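Colleague: I am new to this one. Could we go through it, with the reason behind each label?

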Amino acid sequence: MNKEEKHDLVLALTEQIKEYGNFYITDTADLTVAKVNSIRRQCFENEITMQVAKNSLIKKAMEAAGGEFDAIYDVLKGSSSILFSKSATAPAKLIKKLRKTGDKPLLKAAYIDSAIFIGDNQLDTLTKLKSKEQLIGEIIGLLQSPAKNVVSALQSSGSIIAGVVKTLQERG
């Protein structure tokens, strides 16, 4: 890869880091070409973009993107692949699925909405993360619940009052 190709790759990675907001760095060393192609196909099917790049180029792209990535720099050793997705959990779920048939890819680090997760032991946590939309929906549901209870109580007490008034009128 010549200097211009490296520069283009760094620019592409920088744009992806900014665009997606979520990325995973994995170790795919010692995998066969067939296995890597299988992983790429599954990434495509799950709307995940996979890019194999040198650690130095990944680091330059993170620096150019301007985020707080210092904690990730230490894991940029050996062979690295970077996975981009709009979904914070899709790459973690795919990695977990792939690990049922082999010991790789290993999770080196993940960057999810400015939170950093380091190490393969974070995989279970990452599969259970909720999206912003899910959290907002839960909060709205919790806020609506008391209001629904009040309305329901007023409606039921209204029908009770109407029943009492009707009974009194009949006796009347």
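Colleague: Among contacts in the chain between residues at least 6 apart in sequence, what share joins residues at least 24 apart?

Modeller: The share is 75%. This is a predicted model, and that figure is computed from it.

Colleague: What makes up the chain, in terms of helices and strands?

Modeller: There are seven helices and five strands. Read from the N terminus, their order is α-β-α-β-α-α-β-α-β-β-α-α. Of the 172 residues, 35% are buried. The accessible surface is about 10700 Å², and carbon and sulfur atoms account for 56% of that surface.

Colleague: Why is asparagine 55 called buried or exposed?

Modeller: Buried means under 20% relative accessible area. Asparagine 55 has 14%, so asparagine 55 is called buried. This residue lies in helix α3, which covers residues 55–65.

Colleague: Which residues does asparagine 55 touch, leaving out those up to four places away in sequence?

Modeller: Asparagine 55 touches Leu76, Lys77, Gly78, Ser80 and Lys108. With leucine 76, a polar atom of the asparagine 55 side chain lies 3.5 Å from the backbone oxygen.

Colleague: Why does glutamate 47 count as buried or exposed?

Modeller: Exposed means over 50% relative accessible area. Glutamate 47 is at 67%, so glutamate 47 counts as exposed. This residue is found in the loop between α2 (33–45) and β2 (49–53).

Colleague: What is the phi of glutamate 47?

Modeller: Glutamate 47 has a positive phi of about 55 degrees, although this residue is not a glycine. The sign is worth a remark because most residues other than glycine have a negative phi.

Colleague: Which value is given for the phi of serine 114?

Modeller: About 75 degrees, again positive, and serine 114 is not a glycine either. Serine 114 sits in the loop between β4 and β5 (115–118).

Colleague: How do you know whether serine 114 is buried or exposed?

Modeller: The cut-off for exposed is over 50%. Serine 114 has a relative accessible area of 57%, and therefore serine 114 is exposed.

Colleague: Is the peptide bond from lysine 104 to proline 105 cis or trans?

Modeller: That bond is cis, with omega near 10 degrees. A cis bond is pointed out because most peptide bonds are trans. As for where to look, proline 105 is in the loop between α5 (90–98) and β4 (106–112).

Key. Residues numbered from 1 in each chain as written. Predicted model: local features only at pLDDT ≥ 70, side-chain atom pairs only at ≥ 80, totals over all residues. Heavy atoms only, no water. Helix = DSSP H or I, 4+ residues; strand = E, 2+ residues; numbered from the N terminus. Buried < 20%, exposed > 50% of the residue type's maximum accessible area, 1.4 Å probe, protein only. Contact = heavy atoms within 4.5 Å. Areas by Shrake-Rupley, 256 points an atom, 1.4 Å probe, with all protein chains shown as cover. Polar contact = N/O pair within 3.5 Å; in protein donor to acceptor, adjacent residues only side chain to side chain.
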